[in-house]
Amino acid sequence: MAAPGARRPLLLLLLAGLAHGASALFVVKDNNGTACIMANFSASFWTIYETGHGSQNSTIDLPPSAEVLNSSSSCGRENVAEPSLTVAFGSGYLLTLNFTKNATLYRVQHMRFTYNLSDTQHFSNASAKDAGQSLRIHSVDSITDIKADINKTYRCLSATEVHMGNVTITLRDVTIQAYLSNGNFSKEETHCTQDGPSPTPVPPSPLPPLVPTNPTVAKYNVTGKNGTCLLASMALQLNITYLKKDNNTTVTRVFNISPNDTYNGTCDISAVTLRVGNNSTLLQLKFGMNATSSLFFLQDVQLNMTLPDAKDSSFYASNSSLRALQATIGNSYKCNTEEHIFVSQTFSLNVFSIQVQAFKVESGRFGSVEECVQDGNNMLIPIAVGGALAGLVLIVLIAYLIGRKRSHAGYQTI
């Protein structure tokens with residue numbers, strides 16, 4: 001029998017685990033009963049909400065009763081739909097993980113959390129402004145940096161935070177694998193950067209030059225069940241400031257988004273989302289709308305990126321209160337001048353030669369063009385210079401005629 005003092009560390013560990021909720025296993029199976037997604041993790045959800053007396057916060061732990069919602073989970077279909085896992089718990093709470101893959105990696109590309117503001121246990125005194133009388137179910141979403149090699153299990157013992165505006169999701173003791181080949185977790189693992197390097201680390205990608213060339217224009221088309229909701233032609237560049245790991249110096253680098261990078265998106269009634277990325281970068285652009293003024297605009301930008309030479313190799317930045325690239329719904333926004341969209345103190349998005357149209361796109365073509373102010377100003381410069389030159393010529397001509405008239409007056413007969 002162990003001494004009482006020997007049992008204390010074990011008890012403390014047990015209590016610490018209970019404080020964050022116990023890990024739970026979630027499995028998605030295909031029609032044959034074969035597992036295609038397996039996930040084991042604990043989670044907590046920290047939320048800010050409004051009351052009649054100001055803002056309050058609430059923390060919700062994923063309960064042991066949480067279970068897979070089969071009606072919203074899927075193994076996906078090749079070239080049609082990607083796999084997804086939806087976990088349901090409590091009164092209307094949903095956590096959804098959407099997966100994508102390429103030849104070498106798979107990732108949780110998109111995570112969504114749906115919560116119920118009418119749940120007084122967790123959202124006491126939620127104001128009518130926040131909860132609403134007809135819309136008490138709120139949803140927030142974000143891209144993530146959860147990724148692993150194909151046919152390997154993603155493993156992360158450290159806490160992983162996913163920020164979604166007013167909600168922060170913290171995952172702990174995570175084991176995830178999608179696109180399962182044998183119906184169970186692989187013994188080979190890809191470890192998250194927080195835990196340290198994987199047993200077989202991949203050599204870092206070469207860094208781009210400090211002064212790269214301008215990015216190449218790429219074309220994007222996002223289509224939903226009601227047709228095209230986003231049409232865009234633009235060149236994108238990431239301007240990032242970070243701390244280097246070798247000498248603790250702050251550097252600013254720019255990274256071009258390539259037309260060869262993969263992209264996808266979603267069409268909703270009030271939001272249109274475009275996601276562009278590769279093995280180390282995932283950029284999300286979300287367009288919102290103002291129904292009263294019939295305007296669309298870039299509302300939210302999120303970036304997840306791996307920086308091999310940074311002190312913290314996982315870079316994340318977001319801003320959900322933007323109002324850029326604005327035009328009338330049904331028209332397209334166009335700007336040939338380079339634009340700089342400030343996202344955070346460490347990240348800005350450079351946009352070149354853009355034409356974009358969101359929500360209402362007829363016949364897959366751009367509508368009437370609304371040009372940016374910068375292009376209008378650029379047109380004014382040659383007009384102003386031309387006007388000034390014409391004025392100067394006129395002044396010289398008048399001065400010449402006056403001088404000539406005076407010369408003739410000097411030779412008049414007396």
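1. Nonpolar cores. In this predicted model, the largest nonpolar core has 45 residues. Those with the most contacts inside this core are Leu 238, Ile 240, Leu 283, Leu 285, Phe 287 and Phe 347. Strand S15 gives the most to the core, contributing eight residues. Another core lies apart from it and has 43 residues, including Tyr 49, Val 108, Phe 123 and Leu 171.

2. Surroundings of Leu 283. Leaving aside residues up to four places away in sequence, Leu 283 touches Ile 143, Leu 236, Leu 238, Ile 257, Leu 274, Arg 275, Val 276, Val 301, Gln 302, Leu 303, Phe 347 and Leu 349. Two of the residues with the most contacts inside the largest core, Leu 238 and Phe 347, are among these partners. So is Arg 275, a residue that returns in the pocket described under point 7.

3. Disulfides overall. How many disulfides does a search of the whole structure find? The search finds four. With the bonded cysteines of the protein chain numbered in sequence order, the pairing is 1-2, 3-4, 5-6, 7-8. The next three points take individual pairs in turn.

4. Cys 36 and Cys 75. These two cysteines are joined by a disulfide, with an S to S distance of 2.0 Å. The link is left-handed, at -85° about the S-S bond. The pair links distant parts of the chain, 39 residues apart: Cys 36 is in strand S2 (residues 35-51), while Cys 75 is in the loop between strand S4 (67-68) and strand S5 (84-89). Are the two ends buried or partly exposed? Cys 36 has a relative accessible area of 11% and is buried, because the limit for buried is under 20%. Cys 75, at 22% relative accessibility, counts as partly exposed.

5. Cys 156 and Cys 192. The sulfur atoms of this disulfide are 2.1 Å apart. The torsion about the S-S bond is about 75°, so the disulfide is right-handed. Cys 156 sits in strand S10 (residues 153-156) and Cys 192 in the loop between strand S13 (189-191) and S14; the pair links distant parts of the chain, 36 residues apart. Both Cys 156 and Cys 192 are buried.

6. Cys 335 and Cys 372. Here the sulfur atoms of the disulfide are 2.0 Å apart. This disulfide is right-handed, because the torsion about its S-S bond is about 70°. Cys 335 lies in strand S23 (residues 332-335) and Cys 372 in the loop between strand S26 (369-371) and helix H3 (373-409), so the pair ties together parts that are 37 residues apart in sequence. Cys 335 is buried, at a relative accessible area of 0%, and Cys 372 is buried too, at 5%.

7. The second largest pocket. This pocket has a volume of about 1300 Å³. Its lining is made up of 46 residues. Which of them lie nearest the centre of the second largest pocket? They are Glu 82, Asn 264, Gly 265, Thr 266 and Arg 275. As noted under point 2, Arg 275 is also in contact with Leu 283.

8. Lining of the second largest pocket. At least two lining residues come from each of strand S6 (93-101), strand S7 (105-116), strand S14 (218-224), strand S15 (227-243), strand S17 (262-267) and strand S18 (272-277). Strand S15 therefore appears both here and as the element that gives the most to the largest nonpolar core. By residue type, the lining divides into 14 nonpolar, 21 polar and eleven charged residues.

Note on methods. Residues are numbered from 1 along each chain as its sequence is written. This is a predicted model: local features need pLDDT of at least 70, side-chain atom pairs count only at pLDDT 80 or more; totals for chains, interfaces and linings use all residues. Side-chain values use heavy atoms; hydrogens and water are left out. On a 1 Å grid over the protein atoms alone, a cavity is a set of points where a 1.4 Å probe fits but cannot get out, and a pocket is an open set with protein on both sides within 12 Å along at least five of seven lines; lining residues have an atom within 4 Å of a point. Grid points are joined across faces, edges and corners, and a volume is the space filled by probe spheres set on the points. Helices (H or I, at least four residues) and strands (E, at least two) are DSSP runs, numbered from the N terminus. Ala, Val, Leu, Ile, Met, Phe, Trp, Tyr, Cys and Pro count as nonpolar, Asp, Glu, Lys and Arg as charged, and the others, Gly among them, as polar. A disulfide is a pair of cysteine sulfur atoms within 2.5 Å. Buried means under 20% relative accessible area, exposed over 50%, partly exposed in between (1.4 Å probe, protein chains only). A nonpolar core is a set of buried Ala, Val, Leu, Ile, Met, Phe, Trp, Tyr and Cys residues joined through side-chain atoms within 4.5 Å. Contact means heavy atoms within 4.5 Å.
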